[in-house]
Structures are given as C-alpha cells and as structure tokens.
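Work through the exercises below with the sequence and the 3D structure at hand. Try each task before reading its solution.

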Amino acid sequence: MQHTTVLLHEAVDGLELDSSDIVVDATFGSGGHAREIATHLGPDGLYIGIDADACALQLEKVGEVQPRVELVNDNFKNLTNILSSLQVEKVDAILADLGWRMEQFADGAKGFSFQHDGPLHMTFGNPEDYLFTAADIVNEWEEENIADVLYGYADERFSRRIAKGIVEARKQAPIETTFQLVSIIEQSLPKVVLRKRLNPATKTFQALRIAVNDELTVLQQFIADGFTALAPGGHMAIITFHSIEDRVVKHSFRELAQGEQGELITKKPISPSEEELKANPRARSAKLRIIKKYP
C-alpha cells in the first residue's frame, strides 16, 4: 500500500516559507512534505531532512529541487547537535509529522505491526542501541509496571488484564514475536472487545512503542530545542496522530505562548478535510498545531 502524506498543504502553507529559508523536516519519511517544501525554496534555501531510519533517506524522494538539501540519519531528539554539525545557527521553519509511513509496516522486521510476524523490537533504530526493547518489557518487567505502561501511554482500559495475561504466558515460554503477543492480548480480552472495529492489539503496540523509544520525553525536548533554534518570526508545525502526543504538543505550545515567546497560529488543531478523509481514511486522527516565534 502506498503511503499518503497527511495534511500536506495545510502543514507546508502554515510554515509561511520564503525562497531563501532554512527548513527542518524532522521526520523525512516518504518525502511527501519534503517535495512540497522544496517547491517553495530557491537556490538560496536549505532543506534539512532528518530520519532515524536510514532506509527512508533517499534524495530522489525530494524530486527535482532548487534548494540545497541535507539528509541526516539521526533521531530528531538530537536536533541541536544536528544543526551544529551542519553549521546552522538558526532556522526559519520546522515541521514534524509524527505519523508512520506505510513502508514501516510492510514487513515485521522492527515489530511495529501486529499484522506481520516478527521480532518484538519496536525500535526506530538499531535495537542494540536501546536500553530495552518491547521484548524486554513483556518478558522482564513487573506486571504492575506493564499495566502502567499500557494505560499511561495508550489509555488501554484493559491494561491490567493484558498485563496479567502477558505475565502468565511468559511463565510457559518467552514472548519473542509480534504474533505471540497478539495472541496473548486476544486471549486476555472479553470477546465483545474482539468484535470491535479497532484491532485489539492497537493500543498495546502503541504503548510499547512509545515506551521503548521514550517518545513523549523526546517530543517535549524536541519542541524546546526546536523553538530555541527558530529564528524570530519562524514557524514550527507538528502533526500528531493520537491524543497523548497531541496533549504534549498542545501544552508545550501553550506554555510558550503564555510565556510571551510565541503566538499560537492554531488556537484549535487543524484536522483533515472531508475530501482528504474520503481519499485517505487513515488520516482521521491527524491533528496539526502551529506556533510562530515572536520577532
């Protein structure tokens, strides 16, 4: 299935780009936003695309471009160091799309998908570089801690039942694959839940992924570092796909506005239009928030 970029024009238009701007695309992904950003930049402009997945960084995704292009294989949590390495002091715009590109679910290699069997890593980068993986959580953490992760990072109402099921299952054998975990989740839930439209493993996988990658802490730090890196009058736009992420962005932007450091361009988040939802139902949970740094 081909990836469709969400809120493409709303996000890029919201950056209010000039042809000579320096733009950070913190989540290069499939290059959808990159191509659109590049059309707004001229020879004096600079596009910086960042992605933790080296496989995503392909120059041809940007298309035929006029600006200078720098593609960086790193996590956006290291934004300050990335800009320093490029000898960039200030940028004019920052965009982050926190959604997932379809290629990341094409196979089970990283363990993100409950529809493909694979190892329970759930890491953006090399699993060996992480303090723990999803497999470590389900096989080694205490039942109460697992339940807290599922509820705190995904509002999973059956967190305690699932955590208990995980602990009981691992007594028999280690939980090593995504399909093993899906089976345990399904066996732990009431049958009525299994008949609902949302896959019963969705929230558990979301929570484990957030915990493994420390996504909420990383997001908070990224917003702080990114806003510091913005030039006066610069814009930061962030697209989220679940309420917990959106809450972090909302509160962070609000604090900056209340501290008279920036202006909330979006008092309420921008959601996909009806036309976009018809063409791409997966966009239904997307929310875009934009803040402008005061001159």
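The exercises that follow concern a predicted model.

**Exercise 1. Strand pairing**

Task: Find which strands are joined by bridges to E4, and state how they run.

Solution.
Step 1. Locate strand E4, which covers residues 91–97.
Step 2. Look for strand E1, residues 22–25: three bridges join E1 to E4, and the two run parallel. Within this pair, Val 23 stands opposite Ala 93.
Step 3. Look for strand E5, residues 230–240: six bridges join E5 to E4, again in parallel. Here Ala 93 has His 235 as its bridge partner, and Val 91 is partnered by Leu 230.
Step 4. Put the steps together: Ala 93 stands opposite Val 23 of E1 and also has a bridge partner in E5, His 235.

**Exercise 2. Moving on from E5**

Task: Determine how E5 and E7 run relative to each other, parallel or antiparallel, and name the partner of His 235 in E7.

Solution.
Step 1. Find strand E7 at residues 287–293.
Step 2. Count the bridges: six join E5 to E7, and the strands run antiparallel.
Step 3. Take His 235 as a reference point; its bridge partner in E7 is Lys 292. His 235 is also the E5 partner of Ala 93.
Step 4. Check how covered the strands are. In E4, six of the seven residues are buried. In E5, nine of the 11 residues are buried.

**Exercise 3. The largest nonpolar core**

Task: Identify which residues touch the most other members of the largest nonpolar core, and which element gives the most to it.

Solution.
Step 1. The core has 32 residues, of which Val 24, Phe 222, Ile 223, Met 236 and Ile 238 touch the most other members.
Step 2. The elements that give two or more residues to this core are strand E2 (46–51), helix H3 (79–85), E4, helix H10 (215–229), E5 and helix H11 (243–258).
Step 3. H10 gives the most, with seven residues.
Step 4. Take Phe 222 as an example. Phe 222 belongs to helix H10. Its relative accessible area is 1%, so Phe 222 is buried, since the cut-off for buried is under 20%.
Step 5. Compare sequence with space: Phe 222 and Phe 76 are 146 residues apart along the chain, yet their C-alpha atoms are separated by 6.7 Å.

**Exercise 4. The second largest pocket**

Task: Describe the volume and the lining of the second largest pocket.

Solution.
Step 1. The volume is about 360 Å³.
Step 2. The pocket is lined by 17 residues, and those closest to its centre are Asn 75, Lys 77, Asp 129, Tyr 130 and Asn 213.
Step 3. By class, eight lining residues are nonpolar, five are polar and four are charged.
Step 4. Helix H9, residues 202–213, gives the most to the lining, with three residues.

**Exercise 5. Positive phi**

Task: Two residues, Leu 7 and Asp 214, have a positive phi although neither is a glycine. Decide whether each is buried or partly exposed.

Solution.
Step 1. Place the residues. Leu 7 is in the segment before helix H1 (8–14), while Asp 214 is in the loop between H9 and H10.
Step 2. Read the angles: phi is about 50° for Leu 7 and about 50° for Asp 214.
Step 3. Apply the accessible areas. Leu 7 has a relative value of 0%, so Leu 7 is buried. Asp 214 has 37%, so Asp 214 is partly exposed. The partly exposed class lies between the cut-offs of 20% and 50%.

**Exercise 6. Two buried residues**

Task: For Thr 178 and Gly 262, give the element, the relative accessible area and one relation to another residue.

Solution.
Step 1. Thr 178 is in helix H7, residues 178–188. With a relative accessible area of 0%, Thr 178 is buried.
Step 2. The side chain of Thr 178 makes a polar contact of 3.3 Å with the side chain of Asp 117.
Step 3. Gly 262 lies in strand E6, residues 262–264. With a relative accessible area of 2%, Gly 262 is buried.
Step 4. Gly 262 is 33 residues from Pro 295 in sequence and 8.7 Å from it in space, C-alpha to C-alpha.

Definitions and conventions
Residues are numbered from 1 along each chain as its sequence is written. This is a predicted model: local features need pLDDT of at least 70, side-chain atom pairs count only at pLDDT 80 or more; totals for chains, interfaces and linings use all residues. Side-chain values use heavy atoms; hydrogens and water are left out. Buried means under 20% relative accessible area, exposed over 50%, partly exposed in between (1.4 Å probe, protein chains only). Helices (H or I, at least four residues) and strands (E, at least two) are DSSP runs, numbered from the N terminus. Two strands pair if DSSP finds at least two bridges between them. A polar contact is a pair of N or O atoms within 3.5 Å; within protein, one must be able to donate a hydrogen and the other to accept it, and residues adjacent in sequence count only if both atoms are side-chain atoms. On a 1 Å grid over the protein atoms alone, a cavity is a set of points where a 1.4 Å probe fits but cannot get out, and a pocket is an open set with protein on both sides within 12 Å along at least five of seven lines; lining residues have an atom within 4 Å of a point. Grid points are joined across faces, edges and corners, and a volume is the space filled by probe spheres set on the points. Ala, Val, Leu, Ile, Met, Phe, Trp, Tyr, Cys and Pro count as nonpolar, Asp, Glu, Lys and Arg as charged, and the others, Gly among them, as polar. A nonpolar core is a set of buried Ala, Val, Leu, Ile, Met, Phe, Trp, Tyr and Cys residues joined through side-chain atoms within 4.5 Å.
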